[in-house]
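Please open the structure in your viewer and keep the sequence beside it, so that each selection can be followed from one stop to the next. The tour begins with a single side chain and then widens to helices and to the chain as a whole.

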Amino acid sequence: IAEMDTGIKYMFQTKRKEELAEVFQLFNYYPSCLELIQKRFRAYIKDRLTALYNDKELSKDPRKFVPALISLKKEMDEFVVLCFDNHPDFQDQENKEFYQLMSKDIYPKQLANYADFCMRNGFKGKSEEEIENTLNDIISIFKNINSKLVFQNESEKKMSDRLIKQSSLSTNAEKMFISKLKQES
């Protein structure tokens with residue numbers, strides 16, 4: 001099942017979540033077999049992250065790259081919840097792959113630039129709930145960055161610039177963001 005063209009790899013690529021959940025339930029009783037699914041899951045995440053990283057047009061612009069990264073993270077979270085019953089080993093595999101990609105210094109800067117964009121323009125016309133959801137998405141990526149200090153320094157520069165120029169759309173969003181960062185740090 002793991003190696004066949006219509007096997008686990010195919011199920012990931014075609015997002016056959018119900019079938020993956022059934023395979024997981026079957027293999028869950030055999031740890032050595034479960035490792036095969038974990039290996040395929042990790043390879044799938046790595047392939048998707050690599051494709052995102054290698055898309056030079058997308059990876060240059062944080063306003064496009066970070067939302068694509070957030071979308072991918074949500075998709076992988078959904079696999080873990082729906083297919084693998086929130087199994088800690090699958091959560092760990094997902095986190096390791098994201099952490100490995102996010103170890104490059106460019107990503108904390110891109111995340112800080114995206115947060116700055118949101119604070120300046122991206123929250124225009126959004127409800128409090130939508131703003132909080134966007135901030136939670138940013139934090140979900142922040143959890144996986146390797147160099148939190150680079151993010152902190154970049155964010156501080158951007159925030160002080162916003163405060164001096166009074167270009168922030170919402171003081172409440174700024175406070176909420178700082179609070180969420182403190183919780184994760």
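Which residue lies over the face of F142? Select F142 together with K148, and you will find that K148 is the residue lying over the face of that ring, at 5.0 Å from the ring centre. Please keep in mind throughout that what you are looking at is a predicted model.

**The chain as a whole**

Now zoom out and colour by secondary structure, which shows 10 helices and zero strands in the protein chain, so that the pattern read along the sequence is α-α-α-α-α-α-α-α-α-α. Taken along the principal axes, the C-alpha atoms fill a box of roughly 60 × 30 × 30 Å. Of the 185 residues in the protein chain, buried ones make up 43%. If you display contacts with a separation of 6 or more, residues 24 or more positions apart account for 73% of them.

**The aromatic rings**

Next, show the aromatic side chains, among which the count comes to 14 aromatic pairs. Start with F41 and F79, whose ring centres are 6.3 Å apart and whose planes stand at 65°, so the pair is edge-to-face. This pair links distant parts of the chain, since F41 belongs to helix 3 (residues 31-54) and F79 to helix 5 (residues 62-84), with their positions 38 residues apart in sequence. Both F41 and F79 are buried.

Move on to F84 and F90, an aromatic pair that is stacked, with 4.0 Å centre to centre and 10° between the planes. Here too F84 is buried, and so is F90. To see these rings in their wider setting, select F12, F24, F41, Y44, F79, F84 and F90, which form one aromatic cluster.

**Helix 5 against helix 6**

Show helix 5 with helix 6 (residues 88-101), and look along the two axes, which are 10 Å apart and pack at an angle of about 165°. That angle makes helix 5 roughly antiparallel to helix 6, and the crossing in which helix 5 passes helix 6 is right-handed. On the side of helix 5, the residues to select are L69, L72, K73, M76, D77, V80 and F84, and they meet F90, Q91, E94, N95, F98 and L101 in helix 6.

**Helix 5 against helix 7**

Keep helix 5 in view and add helix 7 (residues 106-122), where the axes come within 9 Å and cross at roughly 105°. Helix 5 and helix 7 are therefore roughly perpendicular to each other. The contact involves P62, R63, F65, V66, P67 and I70 of helix 5, together with Y107, Q110, L111, N113, Y114 and F117 of helix 7. Within this set, pick out R63 and F117, because the charged end of R63 sits over the ring of F117, within 6 Å of the ring centre, at 5.5 Å from its centre.

**A last stop in a loop**

Finally, select G125, which is found in the loop between helix 7 and helix 8 (128-142). Is G125 buried or exposed? At 81% relative accessibility, G125 counts as exposed. Add L169 to the selection to see a residue 44 positions away from G125 in sequence, with the two C-alpha atoms 9.8 Å apart in space.

Note on methods. Residues are numbered from 1 along each chain as its sequence is written. This is a predicted model: local features need pLDDT of at least 70, side-chain atom pairs count only at pLDDT 80 or more; totals for chains, interfaces and linings use all residues. Side-chain values use heavy atoms; hydrogens and water are left out. Rings of Phe, Tyr and Trp (its six-membered ring) pair if their centres lie within 6.5 Å; planes under 30 degrees apart count as stacked, over 60 as edge-to-face and the rest as tilted. Helices (H or I, at least four residues) and strands (E, at least two) are DSSP runs, numbered from the N terminus. Buried means under 20% relative accessible area, exposed over 50%, partly exposed in between (1.4 Å probe, protein chains only). A charge sits over a ring if NZ of Lys or CZ of Arg is within 6 Å of the ring centre and within 35 degrees of the ring normal. Axes are lines fitted to C-alpha atoms, for helices over the stretch in contact, and angles run from 0 to 180 degrees between N-to-C directions. Angles under 35 degrees count as roughly parallel, over 145 as roughly antiparallel, 65 to 115 as roughly perpendicular and the rest as oblique. A crossing is left-handed if the near helix is turned anticlockwise from the far one by less than a right angle, and right-handed if clockwise. Contact means heavy atoms within 4.5 Å.
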